[in-house]
Amino acid sequence: MNKGSLVVVGTGIQTVGHITPEAIAWIKWADTVLYLVADLVAENAILKIKPDAQTLEHLYEKNKPRYLTYRQMMNRMIDSVRNGNRTCVALYGHPGVFAYPAHAAIRKLREEGYEARMLPGVSAEDCLFADLNVDPATYGCQSYEATHFVLTRRRPDTSASLILWQPDSFGHVLSSLDVRQSAIAVLAEYLAKFYSLEHRLCIYEAPMYIGCAPRMDWVKLGEFTQAKLTPASTLYFPPAEVAPMDHALAQSLGLPSMAQVQEDLARLDASPAAKAE
């Protein structure tokens, strides 16, 4: 095994509250720390742990294709390890969610015989499940990047939840953060093929600071194009219908009927403990 190594950690959405003791330990122990976070509080928290940590933020430039920025980030990680450094990369949220450079660097370094790994962190999706009181196991959950969702002509299962990431940058090729209303209209038009214009969706934004409230704006699909989106926005669509049950198969497996399941859930919701909550 070669001398240098890479550990990629997540700072969570609320760095002060979400970063794990394990992530902090790796940041302290590393020879070189690279970071990319979303706010000054997170940056200051990292610099307090490792004063000589280096940001990757400057690699973003206006009208610069994202793939070039990602390649440069990947190369910074790889070069640090090749130079024999114990390298820790701290990324906003979960380090493996929308973090192509980190995944690419880990794959490349492992191929070259270096130790490279990733630690889990708190993502915006984790915050969404908590703030919207959604259990993805209840109806199932689909998760797509918004532009990819439309370009690949995905057909959502409307009996399950749907999460669309980065709607504010829908259709963007460059690194601009400007919301293009014409592009958003294309997204809304495509979604209207599967959902009623009366179907309500949530524009969700996880709170970045302890004590702050999340953004949970419920709007009708028909009004979605008028809503304000930011780089932090995520779209959540609750199920629009109930999935059909194969009752014969359930009976053959000895499983309870859907009616029994619904009755049990109703009994749980009506229990004294549930009412107390």
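Start by selecting strand 1 and strand 4: the two pair in the parallel sense over six bridges. What you have open is a predicted model. The protein chain has an average pLDDT of 89, and 88% of the residues score at least 70.

**Stop 1: strand 1 and its partners**

Keep strand 1 (5-10) and strand 4 (86-91) on screen. Click on Ser 5; opposite it in strand 4 stands Arg 86. Move on to Val 7, which faces Cys 88 of strand 4.

Now add strand 5 (115-118). Strand 1 pairs with strand 5 as well, in the parallel sense, over four bridges. Pick Val 8 here; Met 118 in strand 5 stands opposite.

Is strand 1 enclosed or open? Six of its six residues are buried, so the rest of the structure largely encloses strand 1. Show the side chains to see both directions. Ser 5, Val 7 and Val 9 point one way, while Leu 6, Val 8 and Gly 10 point the other, and all are buried.

**Stop 2: the parallel sheet**

Widen the selection to the whole sheet. Five strands make an open sheet with parallel pairing, in the order 3-2-4-1-5. At its edges stand strand 3 (54-55) and strand 5, each with a single partner strand, so one side of each lacks a neighbour in the sheet.

Next, add helix 3 (residues 40-49). This helix packs on the sheet and touches strand 2 (32-36), strand 3 and strand 4. The direction of helix 3 makes about 175° with that of strand 2.

Then add helix 5. Helix 5 also packs on the sheet, where it touches strand 1, strand 4 and strand 5. Its direction makes about 150° with that of strand 5.

**Stop 3: along helix 5**

Select residues 100-111, which are helix 5. Does the length from end to end agree or disagree with 1.5 Å a residue? The 12 residues should span 16 Å, and the end C-alpha atoms lie 17 Å apart, which agrees.

Colour the buried residues: Pro 101, Ala 102, Ala 104, Ala 105, Ile 106 and Leu 109. An α-helix has 3.6 residues a turn, so residues three or four places apart point the same way. The cover over the buried residues of helix 5 includes strand 1, helix 4 (66-82), strand 4 and strand 5. Step just past the helix to Gly 113, which takes a positive phi of about 90°.

**Stop 4: the mixed sheet**

Hide that part and select the other sheet. Five strands form this open sheet, in the order 6-7-10-8-9, and the pairing is mixed. Strand 6 and strand 9 (215-220) are the edge strands, each pairing on one side only. From one strand to the next, the twist averages 20°.

Bring in helix 6 (residues 124-131). Helix 6 packs on the sheet and touches strand 6, strand 7, strand 8 (200-205), strand 9 and strand 10. The direction of helix 6 makes about 140° with that of strand 7.

**Stop 5: strand 7**

Zoom in on residues 161-165, strand 7. How many of its residues are buried? Five of five, so count strand 7 as mostly covered; here buried means under 20% relative accessible area. Both faces are covered: Ser 161, Ile 163 and Trp 165 lie on one side, Leu 162 and Leu 164 on the other.

Look first towards strand 6 (residues 141-145), which pairs with strand 7 in the parallel sense over five bridges. Gln 142 stands opposite Leu 162. Add helix 8 (residues 146-151): strand 6, helix 8 and strand 7 make a right-handed β-α-β unit.

Now look towards strand 10 (residues 234-237). Strand 10 runs antiparallel to strand 7, and four bridges join the two. Tyr 236 is the bridge partner of Ile 163, and Phe 237 stands opposite Leu 162.

**Stop 6: Thr 158**

Step back along the chain into the loop between helix 8 and strand 7, the place of Thr 158. Why does Thr 158 count as buried? Because its relative accessibility is 10%, and the cut-off for buried is under 20%. Leaving out residues up to four places away in sequence, Thr 158 touches Phe 194, Tyr 195, Pro 239, Ala 240 and Glu 241.

**Last stop: a stretch to treat with care**

Select residues 174-179, where pLDDT stays under 50. The model has 17 contacts beyond four places in sequence for this stretch. Where pLDDT is low, the predicted coordinates should not be read in detail.

Conventions: Residues are numbered from 1 along each chain as its sequence is written. This is a predicted model: local features need pLDDT of at least 70, side-chain atom pairs count only at pLDDT 80 or more; totals for chains, interfaces and linings use all residues. Side-chain values use heavy atoms; hydrogens and water are left out. Buried means under 20% relative accessible area, exposed over 50%, partly exposed in between (1.4 Å probe, protein chains only). Two strands pair if DSSP finds at least two bridges between them. A crossover is right-handed if, with the strands pointing away from the viewer, the path from the first strand over the helix to the second runs clockwise. pLDDT is the predictor's confidence in each residue, from 0 to 100. Contact means heavy atoms within 4.5 Å. Axes are lines fitted to C-alpha atoms, for helices over the stretch in contact, and angles run from 0 to 180 degrees between N-to-C directions. The expected span of a helix is 1.5 Å times one less than its number of residues.
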